[in-house]
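Hi,

Here is the structure I promised to pass on. Have a look at it first, and my notes on what turned up follow below.

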Amino acid sequence: MPTSKREKRKIKGGYFWKILWVDLDREEAKPLEFDEAFASKYIGGRGFGAKLLWDQLQKGTIDPLGPENLLVISPGPLAGLYLPASGKTSFISISPETGIYGDSSMGGSFGAELRQAGFDALAISGEAKSLSYLWVDNEEARVVPNAKLREKGSLETEGMIKEDLKDEHIKVATIGPAGENRVRFACVTSDWGRNSGRTGIGAVMGSKNLKAIAVRGSKDLPVFDLSRLQKASEASFQSLRQNKNFAFWQEQGLMSVIDYVNEAGVMPTYNFREGVFEHAKKINGYEMLSKYKIGDTSCFACPMACGNVCLVKEGKYRGTVVEGPEYETACMFGSNIGVRNFAAILKANQLCDELGIDTITAGNLIGVLMEAQETGLLTEKDLDGLNLKWGAEEAILETVHRIAHRKGIGNILAEGSLGVMKQWPQLRPIISQVKGLEQSAYDARIAISMALGYATSDIGAHHARAWTIAKELEMGMDWPLEKKADLVIYHQTLRPLFDMLGVCRLPWIELGFNEHQYAEFYSAVTGIETTLDELLQRSMDLYDLTRAINMKFGILRKDDYPPDRVFNVAMTEGPHAGKILKREDYDAILDIYYQKRGWTKDGQVDKKKIAGFNDPLIST
Ligand code: SF4
C-alpha cells in the first residue's frame, strides 16, 4: 500500500521535521515543516542555515544589521545524541563583519537542548520593539522584553535569565554589550564561556534587540535504529579513550598546539610579521597547567573535555576566573601582540567573554595598531591617547573596553578590518584578513595550501575551514600544487560536514577518529542508508551554495587571495626566515582549485547548479 509523505517520515528518525520561525516584528512564532528530500539534500546545521538564507535572499538584498537579515541556529541531526562530541550547533547569518555569508559553530549544550525542545532549527527575522530575550519552552515560544539586561555581560545575563525563569538547567545563548552596540565582531556565548565567535553573529542579535535565547527541552530525540546507534557509539567512545594522546589532550586541550606551531615557525607573532615567539614557553600549555588550571569543561557527550578552567591566584589580575584560554586566544592575545604574561591573557579572555567579543579579531586588530604605532603609520592623535607598545597589557585591556562600548578609537575598531581600512587606508598592507574576516592564528606564507584555504574560505580567513598546515609541513614544500589543492578541497568538504551533522571535528583531528563512522551514525539515526561519500557530496554542494550566496554580494576571483603580507613580508627569524609565497604560484593553484570545483576561471559556480538551490522544499 502506498504511504503518504508524512507516514514515510514516521518510519525514519533523526529529525522532528520542524524549524521554528520567529518573526520579531510581529512577535509571532510558527513551526515550518520540511520533508525528507530537504533533509537528505541539506542534512542539517549549516546546510539548513545556508538554504534558508538563500531563500531569504531571493526576496531582496539583505543589510546584515537590518531586520530582514535572518539568523538561523541549527544543530544538526546528530546533535544531542549518545555519540562522541555531539554538542555542536551552528549560527548562520549574513555577516555584519564581512557583508557576505557568515557562520560560526558553538559547543556546550545549547544545540542539544534546542533539539530536545522539538525543533531541528530556529530561524529569527525582524527586530523586537525593545531589548528582549526569546524563551523557547519545549514547543512554546515567546518574546520576553527585559530592559534590565541592557549592558549586562554575557555570563551575567545567563545567570539573570536562569533566575528570571527559575530554572538553572535551561540553556541560554547571550550577547554582551558589544553585541548590543553592534560591534561587527561581537560573539554569542553560552554555558559560561562557549562561544560562537566568528563573523559577528552577536551583532546580528544586537540589531534585532535580541539579548538572548533561552531554551528548555525535555523530548526524546528521534532515532531510527537505537541498538545500531548504541553499538556504533560504544565502539567510538572506546576508540577515543584508548588513543595514546587521550590523557594529554584532556590535560591541555587546544593549548597543546602552542609548542608545535612555535617549533614549526608558524605562530602569529608581532602582527603576523614573525612565526616564532621568543616567550612561547611563558604562554604555553605547561605554563597553564603549572600555575593556573583548576578544572576541565566539556561539551555535550564529549569525553575529550578540552575546555580549561583557569584561575589567577596572585598579582594584579588575582581572582580572574575564565573558561579558557584555547590556542587561538592564547596566540592572538599573546604572541601576536607581544604579551608574555599568561595571567594577562586570561584577563583579556575573561573580558572578551563578558563583553561578547571575538578574541581572534580583537587580538588581530590590536596587533595592527601596535605595528602602526611602531612604524609611524598612525599618529599619537589617531591612537586616542593609548600607548600601544608590544605587550602593553593595560592599554590592551582598555582597547577591548573601548571596542565593546564604541568609545573613541574603539568605535573605529568596532567596524572590523573593513571599517579600519576605510578610515586608515594606509593600514591595508599590514592587516591580515580575507573578505573582511581577520586571519586566525596560523601563518600561511610558507604553506600555500593554508593560504589557499584562508583565501577561498566562504566566510573569510578562518582556519576551521581548511587546517592543512600540519600536513603540508609534513609532506614538504615540493609536494605538487595539484595535491595541495585536493587537500584543501577535502578539508573544506569534510569539516563543514561536521557542522551539518552537529558534531565536533576535534575527535577526527586530534585523536584520529575514523570519519566513516559518521555515515554509520547518520544511517542508524535517520534510517536513510548513507555512505561517507554521499555525505561528502552534500557538503561539496553546500560549498557551492555558500559561494552562490557570496556571488550575490559580488564575490569573485579577486576576493580569493590571501593577505598581502603573505606575498610581501618575509620573517626574519625561525625555520622559514626569508621565505614568502610567490604570487604566480598562488595564481596557478587557484586555477587548479577552481577547475577541481567545477567553477569558472573567475570563480563562479555553474548557473544550472545554482538553479538547483531554488527548490521550494519548505512549506510556509
Ligand atoms: Fe567540545 Fe572540546 Fe569535546 Fe569538541 S573536543 S566537543 S570542543 S569538549
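A quick convention before anything else: I call a residue buried when its relative accessible area is under 20%, exposed when it is over 50%, and partly exposed in between, using a 1.4 Å probe and the protein chains only. Keep in mind that this is a predicted model, so local features need pLDDT of at least 70 and side-chain atom pairs count only at pLDDT 80 or more, while totals for chains, interfaces and linings use all residues. Residues are numbered from 1 along each chain as its sequence is written, and side-chain values use heavy atoms, with hydrogens and water left out.

With that in hand, take E371. The residue is buried, with a relative accessible area of 5%, and belongs to helix α14 (residues 359-375). Helices (H or I, at least four residues) and strands (E, at least two) are DSSP runs, numbered from the N terminus. Leaving aside residues up to four places away in sequence, E371 touches Y270, N271, R273, W390, I430 and R565; contact here means heavy atoms within 4.5 Å.

L20 is another one to click on. You'll find L20 in strand β1 (residues 18-23), and at 3% relative accessibility it counts as buried. Its contacts, again not counting residues up to four places away in sequence, are A29, K30, P31, F119, A121, L122, A123, V136 and A141. L20 and I124 are 104 residues apart in sequence, but their C-alpha atoms are 8.4 Å apart in space.

Now the sheets. For pairing, I count two strands as partners if DSSP finds at least two bridges between them. One open sheet has six strands in the order β8-β7-β12-β9-β10-β11, with mixed pairing. Its edge strands are β8 (140-145) and β11 (194-196), each of which pairs on one side only. Neighbouring strands in this sheet are turned by 20° against each other on average, direction ignored. (Axes are lines fitted to C-alpha atoms, for helices over the stretch in contact, and angles run from 0 to 180 degrees between N-to-C directions.) Helix α5 (residues 154-164) packs on this sheet, touching β7 (132-137), β9 (171-174), β10 and β12 (210-216), and its direction makes about 140° with that of β9.

Within that sheet, six of the seven residues of β12 are buried, so this strand is largely enclosed by the rest of the structure. β12 pairs with β7 in the parallel sense over six bridges, with L134 opposite I213. β12 also runs antiparallel to β9, joined by four bridges, and V215 is the bridge partner of K171. Out at β11, three bridges make an antiparallel connection to β10 (residues 188-190), where S190 stands opposite R194.

R194 comes up again at the ligand. The residues around the ligand are A85, R194, S298, C299, C302, M304, C306, C504 and L506, where a residue qualifies if one of its heavy atoms lies within 4 Å. By class, this shell has seven nonpolar, one polar and one charged residues. Here Ala, Val, Leu, Ile, Met, Phe, Trp, Tyr, Cys and Pro count as nonpolar, Asp, Glu, Lys and Arg as charged, and the others, Gly among them, as polar.

What about disulfides: how many does a search of the whole structure find? Zero, taking a disulfide as a pair of cysteine sulfur atoms within 2.5 Å. C187, for example, is in none, and the nearest cysteine sulfur, that of C352, is 7.9 Å away. C187 is buried at 1% relative accessible area, and C352 is buried at 0%.

There is also an open sheet of three strands, ordered β13-β14-β15, with antiparallel pairing. β13 (293-297) and β15 (321-323) are at the edges with a single partner strand each, so one side of each has no neighbour in the sheet. The twist averages 20° from one strand to the next. Helix α13 (residues 342-355) packs on this sheet, touching β14 and β15, and its direction makes about 70° with that of β15. β14 (residues 307-311) pairs with β15 over three bridges in the antiparallel sense, and L311 stands opposite V321.

Last stop is strand β3 (residues 71-74), which is covered on both faces: L71 and I73 on one side and V72 and S74 on the other are all buried. β3 pairs antiparallel with β6 (residues 121-125) over three bridges, V72 having A123 as its partner.

Cheers
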